[in-house]
Amino acid sequence: MPADPVTGDDVPRTEATTPTAPRTDAVKASMEAVYDWNYSPEIDELRTLYANGLERQWIATRDLDWERGIDRGAFARTFSLAGLPVSETDFWKSLPESTRWEVARRSSAFLLSNFLHGEQGALMVAGQLVGAVPHTDGKFYAATQTLDEARHVEVFAAYVRLLDDVHEISPGLKRLLDNVLAADDWRRKVVGMQVVAEGLALYSFRDMRNGTCEPLLKQLLTLVARDEARHTAYGIKYLGRIVPTLDDRDRADLEDFAFESSRLLIDSRAGTSMRENVLEIWRGAGIDPIEAMGKLAQEREVLGRVMQRSGRRMGPVSGFVIPTLRAIGLFSERIADHFAEMFSANFRSPEAGNLARMAQDLPEDLEAWVEGAD
Ligand SMILES: [Fe+2]
Ligand SMILES: [Fe+2]
């Protein structure tokens, strides 16, 4: 119980009785709801995904072992920062155990809070897709995804609560979700959500899943990432079929939407990247972030070796989102130039621009890839 700062007496917590402003936020969405009077299967691949989605349902309260809580030691021992395996460095190992836990707990709560908010966005977009897509098979599938995303919101909210309070959504992610929710064209929604947002999410969940030894988190991410593999596959299969039928103007519009969505999440010049928040969190946990970054930079080789050993791809955008765009025919020379320019500016090296053009194929079986090590 906290003490009153004046009298020193214990005062009861009052959260439950203090009136607070409603914690909601709204964005105007307008789109056409489309009937499809043809009820026979039209796009077999989407029908198969729908059947698969029904088959693979799970229940958060039944299929995850919440009783065991978080294994703090395992959590801090295998903490990685946005794919960077910092826990393998001497710098990390030299920190007191309590500091390691604090840094890991707070940074992860921030990142997982953003996963949670992204899941809420995905839940609403999946619901919109039921109405917006013009094929019955696409509607059926989107209905299963809506349920998947509700479950994802449920499990991330529960896990974050074990670590810390839920952090606010980062501005870049909020703008991306607003744009996708407000888009009136279903193809834009699918590009922004299923290709960019879900691609980034799948890559990051898988990375965290393979890196962590914390049993509950690993179990949670395995189940979530399996679902996300299906969600990404929907974008690839559906758009892969639609894009070849588009004229140049519509195709360029979708490419631009994909680029803008990626830019909001990773371009530090957009003022929306999460880097600053993470540095602030480290400061709050008692670590000077500038000094820490300097020490981590000295161990660049160790980090590089570990990343190579674990077969990490080239980061979510160049390693996953771009290969997806290429696979569905939305990666022209024109848009490759935009990505190259963004990479060069953000990584402050002209060679970084090549990342945009380095061919990397998408894994053939996404679900198998999620649980594989490379
Ligand atoms: Fe999800
Ligand atoms: Fe998803």
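These legends describe close-up views of one predicted model.

**View 1. The largest cavity.**
The model has 2 cavities of 30 Å³ or more. The largest cavity holds a volume of about 90 Å³. Its lining consists of F75, T78, F79, S80, S108, M208, G211, T212 and L217. By class, 4 of the lining residues are nonpolar and 5 are polar. No charged residue lines the largest cavity.

**View 2. The second largest pocket.**
The second largest pocket encloses about 640 Å³ of space. Its lining comprises 18 residues. R23, D25, H117, Q120 and K174 lie nearest the centre of the pocket. Helices contribute to this lining: α5 (97-132) and α7 (171-182) each supply at least two residues. By class, the lining divides into 8 nonpolar, 5 polar and 5 charged residues.

**View 3. A nonpolar patch on the surface.**
Y35, W37 and Y39 make up this patch. Together the three residues have about 490 Å² of accessible area. W37 is found in the segment before α1 (44-55). The relative accessibility of W37 is 60%, so W37 counts as exposed. The cut-off for exposed is over 50%.

**View 4. The salt bridge between E367 and R56.**
Across the whole structure, a search finds 22 salt bridges. One of them joins E367 to R56, with the closest N and O atoms 2.4 Å apart. E367 belongs to helix α16 (residues 366-370), while R56 sits in the loop between α1 and α2 (60-63), so the pair ties together parts that are 311 residues apart in sequence. R56 is partly exposed, because its relative accessible area is 30% and the partly exposed class lies between the 20% and 50% limits.

**View 5. The salt bridge between D148 and R230.**
The side chains of D148 and R230 form a salt bridge, at 2.9 Å from N to O. This pair links distant parts of the chain, 82 residues apart. D148 is in helix α6 (residues 136-163), and R230 is in helix α9 (residues 215-242). Both residues of the pair, D148 and R230, are buried. Buried stands for under 20% relative accessible area.

**View 6. The salt bridge between D253 and R188.**
D253 pairs with R188 in a salt bridge, and their closest N and O atoms are 2.6 Å apart. D253 is part of helix α10 and R188 of helix α8 (residues 186-211), so the salt bridge ties together parts 65 residues apart in sequence. D253 has a relative accessible area of 25% and is therefore partly exposed. R188, at 25% relative accessibility, also counts as partly exposed.

**View 7. D256 and I335.**
D256 is another residue of helix α10 (residues 248-266). Its relative accessibility is 35%, so D256 counts as partly exposed. In sequence, D256 and I335 are 79 residues apart. In space, the two residues are 7.4 Å apart, C-alpha to C-alpha.

**View 8. A network of salt bridges.**
Four residues appear in this view: E102, R105, R106 and D164. Salt bridges link them in a network. Side chains of opposite charge can pair when their charged atoms come close.

Technical notes
Residues numbered from 1 in each chain as written. Chains lettered and ligands numbered in written order. Predicted model: local features only at pLDDT ≥ 70, side-chain atom pairs only at ≥ 80, totals over all residues. Heavy atoms only, no water. 1 Å grid on protein atoms, 1.4 Å probe; cavity = no way out; pocket = protein on both sides within 12 Å on 5 of 7 lines; lining within 4 Å. Points joined across faces, edges and corners; volume = space filled by probe spheres on them. Nonpolar A, V, L, I, M, F, W, Y, C, P; charged D, E, K, R; others polar. Patch = residues over 30% accessible without salt bridge, like charges linked within 9 Å, V, L, I, M, F, W, Y side chains within 5 Å. Areas by Shrake-Rupley, 256 points an atom, 1.4 Å probe, with all protein chains shown as cover. Helix = DSSP H or I, 4+ residues; strand = E, 2+ residues; numbered from the N terminus. Buried < 20%, exposed > 50% of the residue type's maximum accessible area, 1.4 Å probe, protein only.
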